Amino acid sequence: MKNLSMVKLTSALLVTLSIAGCSVMLSGFDSKRAEPVEQAILTTAPNVPPPITRDYPAKVVVRLFVKEYVGELMDGVKYNFWSFNGTVPGPMIRVRQGDLVEMHLSNSSKNIMPHNIDLHAVIGPGGGAGASMTLPGHTSVFSFTALHSGLFVYHCAMPPVPEHIANGMYGLILVQPKDGLPHVDREYYIMQSEFYTTGKFGEEGLQQFDLQKAIEEQPTYVVFNGKVGALLGKHALTAKVGQTLRLYVGNIGPNLISSFHIIGEQFADVYGDGGSTITDHNIQTTLIPAGGAAIVQFTADVPGTYNIVDHSIFRAFYQGALGQLKIIGKPNPTIFSGKEADEPYPGK
Ligand SMILES: [Cu+2]
């Protein structure tokens, strides 16, 4: 009896151990690459996922879903957006160079269209578009290794591709270099895009997509973070004097190149085209191509409200390409005096 009990106990122990081992394997390690598994932290613009501090590769699981919804393009102006995770732009994703990214794309049965995702961080056909083609009521999964660091755009690439992009299906993925990025005090996520509506700028009510305007590259709206005023007033980016800032700026277009500028600031460092190295210093305006990105860094030196614009300036004044950065702190008159005189001038 004693021996039988021992056998039973040993068997139970083996089963327990094997279940425990299996559970570790399922929840902690990828069976093929034996890397630890993490769920990606996804953030809504202008927020950025926290820096990745680990010094080894992981399998990072990214779960995106498609949501087609009516939202506001401007106060009072409604638009039928197609989106990743219910926001325009979609969430920002942050992984580390060398990570295995397991991408899950779910398309609700409430949606009408099939959708997919093309990430410019992917090396593989279509950036993953074919591998992620997902009908309503389905979830697709594919994996890629983030071979190269940089800031990359992602977008839907389901035919008709331009319409899926124009309706809001885009976002940014940062592939952090293996050694990380230098510490900064604040990081923000900005995405520029255009909208083409049948009604004029500011015309209230539900607006339809205007294909002809899109073909002619005549946008009705050019906006940061999906809505006129998304970065204005109480939604402005903020910093304190002395803090260092890093902006991850994407431009999906779908047509226009952005002349990205902050009025009254200079970009001390620019990672041109969102690549892995600093390519220039002390830049006033950086070009961001459609389907591209840039990383800019600077220090908040002087308090005040700074306008963030596309310096193709009619877009800022008439189409919505205007945001704000509010810097608070003590004035620094050695850098900027403010107005020192306002005297009568009789003319000559
Ligand atoms: Cu789509």
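This is a short group-meeting talk on the structure shown above, a predicted model.

Okay, hi everyone. Let me start with the overall picture, then go to the copper, then to the strands, and finish with a few odd backbone spots.

So, the whole chain. The protein chain has 348 residues, and 48% of them are buried. Its secondary structure comes to four helices and 21 strands. If you follow the C-alpha trace along its principal axes, you get spans of about 115 × 50 × 30 Å. The accessible surface is about 17,100 Å², and carbon and sulfur atoms supply 58% of that. One more number about the chain: take the contacts with a separation of 6 or more, and 69% of them link residues 24 or more positions apart.

Now the copper ion. Which residues of the protein act as its donors? They are H115 and H164, each through ND1, C156 through SG, and M169 through SD. These donors lie 2.0 to 2.6 Å from the copper ion. If you walk along the sequence, the spacing reads H-x40-C-x7-H-x4-M.

Why is the arrangement around the copper called irregular? Look at the angles: the four donor atoms subtend 84 to 137° around the ion. A tetrahedral label would need all angles between 85 and 135 degrees, so with a range of 84 to 137° the arrangement counts as irregular.

Are the donors H164 and M169 buried or exposed? H164 has 0% relative accessibility, so it counts as buried. M169 also comes out at 0%, and is therefore buried.

Step along from M169 and you reach strand β9, which covers residues 170-176. Seven of its seven residues are buried. Here's a bit of background that helps: in a regular strand the side chains alternate between the two faces of the sheet. In β9, one side carries Y170, L172, L174 and Q176, and the other carries G171, I173 and V175. Every one of those is buried, which leaves both faces of β9 covered.

And who pairs with β9? Strand β4, residues 93-96, pairs with β9 in the parallel sense over four bridges, and V95 stands opposite V175 there. Strand β8, residues 150-155, pairs with β9 too, but in the antiparallel sense and over six bridges. In that pairing, F152 sits opposite I173. In case the words are new to you: strands of a sheet pair through backbone hydrogen bonds, either parallel or antiparallel.

Let's move further along the chain. There's an open sheet of six strands, in the order β12-β10-β14-β19-β16-β17, with mixed pairing. At its edges are β12 (221-224) and β17 (280-283), each of which pairs on one side only. Ignoring direction, neighbouring strands of this sheet are turned by 25° against each other on average. For a look inside, take β16 (residues 267-271) and β19 (residues 292-299): they pair in the antiparallel sense over three bridges. There you can find D269 opposite Q297.

I also picked out S259, which is in strand β15, residues 258-262. With a relative accessible area of 16%, S259 is buried, because the cut-off for buried is under 20%. Setting aside neighbours within four places in sequence, S259 touches T285, T286 and L287, plus V309, D310, H311 and S312.

Last topic: backbone oddities. Where are the cis peptide bonds I want to show you? One joins V88 and P89, with omega about 0°, and P89 lies in the loop between β3 (77-84) and β4. Another joins G253 and P254, with omega about 15°. P254 is in the loop between β14 (244-253) and β15.

Then there are two residues with positive phi that aren't glycines. E217 has a phi of about 60°, and N282 has one of about 55°. E217 is found in the loop between α3 (211-215) and β12, while N282 is in strand β17. As for accessibility, E217 is at 42%, so it counts as partly exposed. N282 is at 55%, so it counts as exposed. And remember, β17 is an edge strand of that six-stranded sheet.

That's my tour, thanks for listening.

Technical notes. Residues are numbered from 1 along each chain as its sequence is written. This is a predicted model: local features need pLDDT of at least 70, side-chain atom pairs count only at pLDDT 80 or more; totals for chains, interfaces and linings use all residues. Side-chain values use heavy atoms; hydrogens and water are left out. Two strands pair if DSSP finds at least two bridges between them. Helices (H or I, at least four residues) and strands (E, at least two) are DSSP runs, numbered from the N terminus. Axes are lines fitted to C-alpha atoms, for helices over the stretch in contact, and angles run from 0 to 180 degrees between N-to-C directions. Donors are N, O and S atoms within 2.8 Å of the metal (3.2 Å for Na, K and Ca); water is not among the atoms, so sites may look incomplete. Four donors count as tetrahedral if all angles lie between 85 and 135 degrees; four count as square planar and six as octahedral if opposite donors are over 155 degrees apart and all others between 65 and 115; anything else is irregular. Buried means under 20% relative accessible area, exposed over 50%, partly exposed in between (1.4 Å probe, protein chains only). Contact means heavy atoms within 4.5 Å. Accessible areas come from the Shrake-Rupley method with a 1.4 Å probe; for residues, only the protein chains shown count as cover.
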